[in-house]
Amino acid sequence: MDLKTASALRRLRLISAPEATSFLLLITCSILKRTTEFNAVPAMGMVHGFLFLTYVIFWVDAWKRAKWETKTAVLYFVLSVLPLGGFFADRKLRREAEASVMAARARKEGVVGA
């Protein structure tokens, strides 16, 4: 994996948890708006919107650079629209990064001929 691909995947991984957190906070603010006088939906909506758009931009970049199959790309997009999906995306991307680092080290040491 080249440096630009690794950077694209890392950016996507780093934005996935904050995007998921902002989604959960937006849902909480929406519930509070309907049950109390507290209304933070406009502010939280802007924060979540910004993070979601950033996620989508990083997702497109990672898809192009990593040359994912359509199935993998769709999975990461679907995870972005589920309330806890960003946390699962972060975990899955971390595992992929660790596997690619291990494979690169193995190739460097001559353990794997790939």
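These are my notebook entries on a predicted model of a single chain.

**Overall fold**

I started with the secondary structure and counted four helices and zero strands in the chain. Reading from the N terminus, I get the order α-α-α-α. Next I checked how spread out the chain is: the radius of gyration comes to 17 Å, well over the 13 Å that the globule rule gives for 114 residues, so the chain is more spread out than a compact globule. I also looked up the box that the C-alpha atoms fill, and along the principal axes it is roughly 65 × 20 × 20 Å.

**Contacts, surface and charge**

How much of the chain is buried? I found that buried residues make up 29% of the 114 residues. For contacts between residues at least 6 apart in sequence, I noted that 62% join residues at least 24 apart. The exposed surface of the chain is about 7600 Å², and 67% of it comes from carbon and sulfur atoms. I then tallied the charged side chains and got 17 positive and 9 negative. The centres of those two sets lie 2 Å apart.

**Ser80**

I went to helix α3, residues 70-81, to look at Ser80. Is Ser80 buried or exposed? Its relative accessibility is 1%, and the cut-off for buried is under 20%, so I put Ser80 down as buried. I then looked for a polar partner: a polar atom of the Ser80 side chain lies 2.5 Å from the backbone oxygen of Phe77. Leaving aside residues up to four places away in sequence, I listed Glu19, Phe52 and Tyr55 as the residues Ser80 touches. I also checked Ser80 against Ala20: they are 60 residues apart in sequence, yet their C-alpha atoms are 7.2 Å apart in space.

**Tyr76**

I stayed in helix α3 for Tyr76. Tyr76 has 0% relative accessibility, so it counts as buried. Which residues does Tyr76 touch, not counting those up to four places away in sequence? My list reads Tyr55, Trp59, Trp68, Ala89, Lys92, Leu93 and Glu96. Tyr55 is on this list, and I had already written Tyr55 down for Ser80. I noted one C-alpha distance as well: Tyr76 and Val56, 20 residues apart along the chain, are separated by 9.7 Å.

**Ala66**

I moved back along the chain to helix α2, where I found Ala66. Ala66 has 24% relative accessibility. Partly exposed runs between the 20% and 50% cut-offs, so I entered Ala66 as partly exposed. Where sequence neighbours up to four places away are left out, Ala66 touches Thr5 and Leu9. I also looked up Ala6, which is 60 residues from Ala66 along the chain, and the two C-alpha atoms are separated by 8.3 Å.

**Lys67**

My last stop was Lys67, in the loop between α2 (41-66) and α3. What is phi here? I read a value near 55° for Lys67, which is positive in a residue other than glycine. I flagged the sign because most residues other than glycine have a negative phi. Lys67 has a relative accessible area of 71%, and the cut-off for exposed is over 50%, so I logged Lys67 as exposed.

How values were computed: Residues are numbered from 1 along each chain as its sequence is written. This is a predicted model: local features need pLDDT of at least 70, side-chain atom pairs count only at pLDDT 80 or more; totals for chains, interfaces and linings use all residues. Side-chain values use heavy atoms; hydrogens and water are left out. Helices (H or I, at least four residues) and strands (E, at least two) are DSSP runs, numbered from the N terminus. The radius of gyration is taken over C-alpha atoms; the globule rule is 2.2 Å times the number of residues to the power 0.38. Buried means under 20% relative accessible area, exposed over 50%, partly exposed in between (1.4 Å probe, protein chains only). Contact means heavy atoms within 4.5 Å. Accessible areas come from the Shrake-Rupley method with a 1.4 Å probe; for residues, only the protein chains shown count as cover. Lys and Arg count as positive and Asp and Glu as negative; His and the chain ends are not counted. The place of a charge is taken as NZ of Lys, CZ of Arg, CG of Asp or CD of Glu. A polar contact is a pair of N or O atoms within 3.5 Å; within protein, one must be able to donate a hydrogen and the other to accept it, and residues adjacent in sequence count only if both atoms are side-chain atoms.
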